[in-house]
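Open the model in your viewer and set the side chains to sticks. Then follow the stops below.

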Amino acid sequence: MKENIVATFSIVGFDPETKEWGIAVQSKFLAVGSVVPWAQANVGVIATQSYANTRFGPEGLKLLSEGKSAQEVMDILIAGDEERHLRQVGIVDSKGNAATFTGDQCHAWAGGMTGPYYAAQGNILVSEETVQAMAETFERTTGDLSYRLLEALDAGQRAGGDSRGQQSAALFVVQDQAGYRGYNDVKVDLRVDDHQQPITELKRIFALHQEIVAKRG
């Protein structure tokens with residue numbers, strides 16, 4: 001039986017002024033938000049994709065909480081994974097340091113790049129322009145972290161995106177006590193699990209979310 005290869009691109013980021021950590025991701029995969037995004041307030045954010053090793057999420061956040069840098073955590077996670085050649089990971093730590101990794105057997109085009117407070121990565125893309133567009137858009141866009149991440153994701157899609165198409169997208173942002181009524185740290189947790197234009201739909205849902213937050217005051 002032919003294997004269903006999954007194509008994914010994501011960006012993880014940090015806002016040093018608001019102390020928010022977040023991720024935006026799109027994939028030709030059902031419910032990508034249940035697999036790729038991991039984040040903890042005051043600790044960091046992780047994207048694990050391309051035959052994702054979901055252990056990288058909790059294990060990576062634990063290592064970040066111990067004070068290790070994004071690159072140190074990346075090195076530890078990758079070294080302990082026998083299938084590292086298939087993995088793709090992006091990490092931003094509590095100080096905004098970023099790291100990205102793409103295994104040498106990830107399906108082309110695959111790669112990533114880092115910049116001030118972000119890491120962008122993707123696999124089975126039309127071209128590297130998707131990652132470049134995410135990075136450039138994140139750097140030049142103003143506004144809160146959620147908006148910047150969504151704009152970067154949208155730019156990545158417009159630059160080519162997944163060569164296999166679209167299916168799901170997610171936005172996950174954390175900030176200390178920014179959750180519902182301050183009871184937790186999850187500021188934004190929105191998912192589009194199956195849609196022909198998941199990023200467009202995610203942006204629509206985010207706009208509704210913002211309206212509710214504004215009314216709540």
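Is Lys-203 buried, exposed or partly exposed? Select Lys-203: its relative accessible area is 26%, so it counts as partly exposed. Keep in mind that this is a predicted model.

**Stop one: the partners of Asp-154**

Now add Asp-154. Its side chain meets that of Lys-203 in a salt bridge, 3.1 Å from N to O. This pair links distant parts of the chain. Asp-154 sits in helix α4, while Lys-203 belongs to helix α5 (residues 198–216), 49 residues apart.

Next, select Arg-158. A salt bridge also joins Asp-154 and Arg-158, at 3.7 Å from N to O. Both lie in helix α4 (residues 145–158), four residues apart, or about one turn of the helix. Asp-154 is buried, at 15% relative accessible area. Arg-158 is exposed, at 62%.

Go back to Asp-154 and Lys-203, paired at 3.1 Å. Add Glu-151 to the selection: salt bridges with shared partners join Glu-151, Asp-154, Arg-158 and Lys-203 into one network.

**Stop two: a buried pair**

Select Asp-81 and Arg-87. They form a salt bridge, with the closest N and O atoms 2.6 Å apart. Both residues are buried. The whole structure holds ten salt bridges.

**Stop three: helix α1**

Select residues 56–65, helix α1. Color Phe-56, Gly-57, Gly-60, Leu-61, Leu-63 and Leu-64, which are buried. They lie on the same side of α1, because they cover an arc of only 160° around the axis. Show their surroundings: they pack against β3 (37–40), β4 (44–49), α2 (70–79) and β5 (88–93).

Finish just after α1, at Gly-67, where phi is positive, about 100°.

Note on methods: Residues numbered from 1 in each chain as written. Predicted model: local features only at pLDDT ≥ 70, side-chain atom pairs only at ≥ 80, totals over all residues. Heavy atoms only, no water. Buried < 20%, exposed > 50% of the residue type's maximum accessible area, 1.4 Å probe, protein only. Helix = DSSP H or I, 4+ residues; strand = E, 2+ residues; numbered from the N terminus. Arc of directions from axis to C-beta. Contact = heavy atoms within 4.5 Å. Salt bridge = Lys/Arg side-chain N within 4 Å of Asp/Glu carboxyl O.
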